[in-house]
2 protein chains.
Amino acid sequence: MDERIRRHAEVLVDQCAAVERGDMVRVNAPAVAEDLVVAVYERLGEIGARPTLAWRNSRASRAFDRAMDPEDYTRSDHTLAMLEETDAYIGINGARNLAETSDVSPENMTAARRENKDLQEALKETRWVGTQYPAPGDAQKAGMSTEAYEDFVYRAVDRDWDAQREFQAQMVEILDDASEVRIVSGEETDLTMSVDGMIAENDADDNNMPGGEAFTAPVPDSVEGTVRFDKPRMWRGEEILDARLTFEDGEVVEYSARQKEDALEEILNTDDGARRIGELGIGMNRGIDRFTYNMLFDEKMGDTVHLALGSAYDENVGEDREQNDSAIHVDMITDMSEDSFIEVDGEIVQRDGTFIFEDGFEE
Amino acid sequence: MDERIRRHAEVLVDQCAAVERGDMVRVNAPAVAEDLVVAVYERLGEIGARPTLAWRNSRASRAFDRAMDPEDYTRSDHTLAMLEETDAYIGINGARNLAETSDVSPENMTAARRENKDLQEALKETRWVGTQYPAPGDAQKAGMSTEAYEDFVYRAVDRDWDAQREFQAQMVEILDDASEVRIVSGEETDLTMSVDGMIAENDADDNNMPGGEAFTAPVPDSVEGTVRFDKPRMWRGEEILDARLTFEDGEVVEYSARQKEDALEEILNTDDGARRIGELGIGMNRGIDRFTYNMLFDEKMGDTVHLALGSAYDENVGEDREQNDSAIHVDMITDMSEDSFIEVDGEIVQRDGTFIFEDGFEE
């Protein structure tokens, strides 16, 4: 077995899910990720945990979702009962065909998502982690050979996570102490927001593997200015290109896109909270050096910033601060590697991707 | 998709597990059986049941079982919690490599089985069925090409189960009314037993797919005579050939085998009940026309009789009758197609494989 797979398993079990002897562990994975599942099971055996293995199967889900009557859609009480007795959860993605559910009607897909919400909430009560196995379908989406994609995934995952965490902590500290953040890139992006009283977090070897970002939430009403997202955003299988948003008093007042503007409109019309920003994230994983149409990686890419329309994370919102609430959380990404800077309380803290605490930084 | 797979799924869901709208269903399958899982999921969607999918993975189990310390082996409380909320269970076997767990120590295997007992009991409280997908590893064990093995499996499974049940009912009625049964085959097998007060059952499209037997339990002390099992019996990966057992007052008093006599001895020494017969079964599925080293099929083969050393099934034991109790239930098979007969209360009811209620029967 590829030694990188063993190390991937170890970081998932030991660090991300912090599994201990006697823990009840649920592993959820597609068949294509078998090698990683085997390595995870070996590590769980060594620790003395007790795993159960769920099979994430998009062909079966598609067949079920197409055949069902959305009116019949009831909660999965047996899965819920299991999750309530689960201490740690390791969710592994990996696709042979990312278009497998493309012929399920939106109505049935929505019914399926409704049920997932209950399970997601129970899952969040566990020590959970989500990760990616380098499967052919994901490689295809990234426009890469499977082997090149494996190298890409392991450059992002197979890191010294203690060092990565320390590196990110420097930016987390800056964000946590900040009142006003300004993001400037090229001619079109110049956005300011207050993060005063909000809590910045460090995402390393925690709930995402790979992690690699410093993130916080803006004060909902404080966002002002314009942002252009120069990385594509997928929505229901279609690609929104060059989305531009203008904010006043925290709310989107103008929007456009070069492609699929109607999808962008659909996102914004989800609910009131969908027209406000719930997250500001700064990508800091330099192992991720290209865009691959997979948010797990894209949002942590070095030299990028992402903003999410919709709900804010609980952990980012200060005690006396308002939390933006929405049914969605849609991350969108802006490149910061050229002609760009991040300013915090009047001081530039990143220019063209280089942080103030790095060699080569020029104010 | 092969239409036989769809019909297999339908009989599993509709007949064997009798799934209804709103049922919580657990499907447990290996990746190699994906086509059958997809067909089962489609049918569950049509009915409006709610499935969850467990992945039976022998590589992962092996890795875990080898790595663990048997002392650490704790019950799978999360799986148990799920089973307690499960209405119907569809378990699918199918191997790429039947020797996958051959390098797990007996000590660790035993620890794994100990935990399974709790889960098996919870599972028996559901409407459950076990079946087989025609996978390459099983085909190899049977000495058949995968395609020939597919044909074999579907000849056994893809039947008119109402007609099969009626056919078997004739033998069930004979056994149920019987006091004494005598099995004679060739020079060596001549065994008598009382089934007085015991309850004969009809196994068609119930807990096994394929089904295909009439079965009952002997009165434990009543078995007398000698039997030679001319079909091989696997035990911990090894093949016992031509096992011969002699009974007095229901207990084995002599035994021998042409190969792996020590394995036969190990079976008999499990506990007191392991030296007595817990089941008499009569194979009646004529779709099964060859021995394939898979008890699910072998014990239902037309023109055979099987006896199990060890525990008797609850449903076979009359209210005022003793139930043979043991940690094991080891079926062994005798061919009845030539030079053989079954006698019930002095009347021959099967000769050379042909039943008294069939054309061509000669007393």
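Student: How many residues of chain A are in contact with residues of chain B?

Tutor: In this predicted model, 41 residues of chain A are in contact with 41 residues of chain B, where contact is defined by C-beta atoms, placed from the backbone, that lie within 7 Å. Local features need pLDDT of at least 70 and side-chain atom pairs count only at pLDDT 80 or more, while totals for chains, interfaces and linings use all residues. Residues are numbered from 1 along each chain as its sequence is written, and chains are lettered from A in the order in which they are written.

Student: Which elements of chain A give two or more residues to the side that touches chain B?

Tutor: They are strand S1 (24-29), helix H2 (34-47), strand S2 (50-55), helix H3 (58-67) and helix H4 (77-84) of chain A, with helices (H or I, at least four residues) and strands (E, at least two) taken as DSSP runs numbered from the N terminus. H2(A) gives the most, with eight residues. By class, this side of chain A has 17 nonpolar, ten polar and 14 charged residues; Ala, Val, Leu, Ile, Met, Phe, Trp, Tyr, Cys and Pro count as nonpolar, Asp, Glu, Lys and Arg as charged, and the others, Gly among them, as polar.

Student: How are the axes of H4(B) and H5(B) placed?

Tutor: Two packed helices are described by the angle between their axes and the distance between the axes. Here the axes of helix H4 (residues 77-84) and helix H5 (residues 106-124) of chain B come within 9 Å and cross at roughly 10 degrees, which makes H4(B) roughly parallel to H5(B), a term for angles under 35 degrees. The axes are lines fitted to C-alpha atoms over the stretch in contact, and angles run from 0 to 180 degrees between N-to-C directions. Thr79(B), Leu80(B), Leu83(B) and Glu84(B) in H4(B) meet Asp118(B), Leu119(B), Ala122(B) and Leu123(B) in H5(B), a contact with five nonpolar, one polar and two charged residues.

Student: What covers the buried residues of H4(B)?

Tutor: Six of the eight residues of H4(B) are buried, meaning that 20 or more other C-beta atoms lie within 10 Å of a residue's own (exposed: 12 or fewer; partly exposed: in between), with C-beta atoms placed from the backbone. What covers them includes S1, S2 and H4 of chain A together with strand S1 (24-29) and H5 of chain B.

Student: Which residues of H9(A) are buried, and which are exposed?

Tutor: An α-helix has 3.6 residues a turn, so residues three or four places apart point the same way. In helix H9 (residues 261-268) of chain A, Leu264(A), Ile267(A) and Leu268(A) are buried; they cover an arc of only 95 degrees around the axis, given by the directions from the helix axis to the C-beta atoms, which puts them on the same side of H9(A). On the other side, Asp262(A) and Glu265(A) are exposed.

Student: What is the order of the strands in the open sheet of five strands?

Tutor: Strands of a sheet pair through backbone hydrogen bonds, either parallel or antiparallel. The order in chain A is S7-S9-S15-S16-S17, with antiparallel pairing, two strands being paired if DSSP finds at least two bridges between them. Strand S7 (201-203) and S17 of chain A stand at the edges, each with a single partner strand, so one side of each is left without a neighbour in the sheet. Strand S9 (residues 213-216) and strand S15 (residues 277-283) of chain A pair over four bridges, and Ala214(A) stands opposite Ile282(A) in S15(A).

Note on methods:
Two residues are in contact if their C-beta atoms, placed from the backbone, lie within 7 Å. Angles under 35 degrees count as roughly parallel, over 145 as roughly antiparallel, 65 to 115 as roughly perpendicular and the rest as oblique.
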